[in-house]
2 protein chains.
Amino acid sequence: MVIDRSLLTGSTTTLILKLLEEGDMYGYQMIEVLAERSDDTFQLRAGTLYPILHGLEKDGMLESYEWKEEGERARKYYHLTVKGKKLLEKKTAEWEEYTRAVNKVLRRRKEYETVQR
Amino acid sequence: MVIDRSLLTGSTTTLILKLLEEGDMYGYQMIEVLAERSDDTFQLRAGTLYPILHGLEKDGMLESYEWKEEGERARKYYHLTVKGKKLLEKKTAEWEEYTRAVNKVLRRRKEYETVQR
DNA sequence: TTGACATATATAGATTATCTATATAAAATG
DNA sequence: CATTTTATATAGATAATCTATATATGTCAA
């Protein structure tokens with residue numbers, strides 16, 4: 001199923017921070033890993049990702065470094081800072097509250113229907 | 001907790017359609033009911049709601065009518081059409097898939113962490 | 001070995017769903 | 001009678017995506 005892009009808004013940054021909590025990654029890798037873990041629900045665009053990474057680095061949430069693996073081309077790796085970890089915690093809590101609230105509305109049973117005025 | 005507004009994107013229309021599934025409502029009432037049911041997580045702005053209602057009506061998802069209750073002022077009520085009901089079903093399914101995918105990423109245990117390259 | 005495709009990063013400009021601010025008017029409240 | 005709340009409406013700003021485009025390296029098949 002193709003989900004509406006607009007739903008992504010606001011959670012993309014959280015997802016990126018979460019990936020980096022597990023270990024340093026480079027941009028293109030994040031796109032691949034995110035697609036794989038979400039069963040292709042998230043097909044993050046390069047044009048979306050890179051500006052977000054630049055912004056997060058500018059705000060001190062991430063730090064980047066060039067690294068060239070043996071027999072691989074050089075890539076730009078990103079590392080989650082302590083500040084970034086705190087942002088991840090905050091955003092995860094927001095996500096939980098947000099989904100709880102939406103589900104409370106959406107999963108309301110028709111039996112509890114208010115009387116029509 | 002004040003959740004980031006950007007998270008709302010994409011789900012507002014679904015929430016509105018859901019309210020109308022239970023019975024006809026007028027705009028201002030939707031704002032109140034949504035706040036109440038979400039424990040004030042959703043404080044939908046009038047300036048957000050009314051343009052959405054106009055758009056949904058233009059697209060045939062809703063129908064509106066003026067109605068004056070005994071001893072009340074006249075209000076503009078909205079009714080969910082069959083087309084609107086189908087949209088609600090589609091959007092609810094999208095919501096389920098989207099949250100499932102986000103949670104799959106966010107709730108990944110650190111124990112399953114990939115080896116750092 | 002060359003041309004096409006995949007990998008990898010980057011940015012400008014468009015799109016879209018919110019927001020704020022503002023307007024109007026009726027009804028309630030003090 | 002003045003202020004606040006209820007109720008609807010729209011213009012313009014903001015913000016997070018998107019598409020399109022650019023550049024360069026590495027891989028693979030013809």
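The legends below describe close-up views of a predicted model in which protein chains A and B lie against DNA strands C and D.

**View 1. Relation between the two protein chains.**
Chain A superposes on chain B after a rotation of 180 degrees with 0.0 Å of shift along the axis, and the RMSD is 0.1 Å. The two copies are thus related as by a two-fold rotation axis. Within chain A, the residue closest to this axis is A:Thr9, whose C-alpha lies at 3.1 Å. Of the interface residues of chain A, 98% are also interface residues in chain B, so the copies meet through the same surface.

**View 2. Protein surface around DNA strand C.**
There are 24 residues around DNA strand C, and those that come nearest are A:Tyr28, A:Arg73, A:Arg75, B:Gly10 and B:Thr48. Sorted by class, this surface has eight nonpolar, 10 polar and six charged residues. At least two residues each are supplied by helix H2 (27-37), helix H3 (46-58) and strand S3 (74-80) of chain A, and by helix H3 (46-58) of chain B. H3(A) gives the most, with five residues.

**View 3. Contacts of chain B with the phosphates of DNA strand C.**
Sugar or phosphate accounts for 68% of the atoms of DNA strand C within 4 Å of the protein, and bases for the rest. A backbone N or O atom of B:Gly10 is placed 2.8 Å from a phosphate oxygen of the strand. Two threonine side chains of chain B also approach phosphate oxygens of DNA strand C: an N or O atom in the side chain of B:Thr12 lies at 3.1 Å, and one in the side chain of B:Thr48 lies at 2.3 Å.

**View 4. Protein surface and contacts at DNA strand D.**
Of the 24 residues around DNA strand D, the nearest are A:Gly10, A:Thr48, B:Tyr28, B:Arg73 and B:Arg75. The atoms of DNA strand D within 4 Å of the protein belong to sugar or phosphate in 68% of cases and otherwise to bases. A polar backbone atom of A:Gly10 is 2.8 Å from a phosphate oxygen, and an N or O atom in the side chain of A:Thr12 is 3.1 Å from a phosphate oxygen. A base is also contacted: an N or O atom in the side chain of A:Arg73 is 2.9 Å from a base oxygen of DNA strand D. Two or more residues of the surface come from each of H3 of chain A and helix H2 (27-37), H3 and S3 of chain B. H3(B) provides the largest share, five residues.

**View 5. The three-stranded sheet of chain B.**
In chain B, three strands form an open antiparallel sheet in the order S1-S3-S2. Strand S1 (25-26) and strand S2 (62-68) are the edge strands, each pairing on one side only. Two bridges join S1(B) to strand S3 (residues 74-80) in the antiparallel sense: B:Met25 is the bridge partner of B:Tyr78, and B:Tyr26 is that of B:Tyr77. H3(B) packs on the sheet, where it touches S2 and S3 of chain B, and its direction makes about 120 degrees with that of S2(B).

**View 6. The hairpin of S2 and S3 in chain B.**
S2(B) and S3(B) pair in the antiparallel sense over seven bridges. B:Tyr65 stands opposite B:Tyr77 in S3(B). Five residues lie between the strands of this hairpin, in which B:Gly71 adopts a positive phi near 75 degrees.

How values were computed. Residues are numbered from 1 along each chain as its sequence is written. Chains are lettered from A and ligands numbered from 1 in the order in which they are written. This is a predicted model: local features need pLDDT of at least 70, side-chain atom pairs count only at pLDDT 80 or more; totals for chains, interfaces and linings use all residues. Side-chain values use heavy atoms; hydrogens and water are left out. A residue is near a molecule or strand if one of its heavy atoms lies within 4 Å of it. A polar contact is a pair of N or O atoms within 3.5 Å; within protein, one must be able to donate a hydrogen and the other to accept it, and residues adjacent in sequence count only if both atoms are side-chain atoms. Helices (H or I, at least four residues) and strands (E, at least two) are DSSP runs, numbered from the N terminus. Ala, Val, Leu, Ile, Met, Phe, Trp, Tyr, Cys and Pro count as nonpolar, Asp, Glu, Lys and Arg as charged, and the others, Gly among them, as polar. Copies are superposed by least squares on the C-alpha atoms of residues with pLDDT of at least 70 in both. Contact means heavy atoms within 4.5 Å. Two strands pair if DSSP finds at least two bridges between them. Axes are lines fitted to C-alpha atoms, for helices over the stretch in contact, and angles run from 0 to 180 degrees between N-to-C directions.
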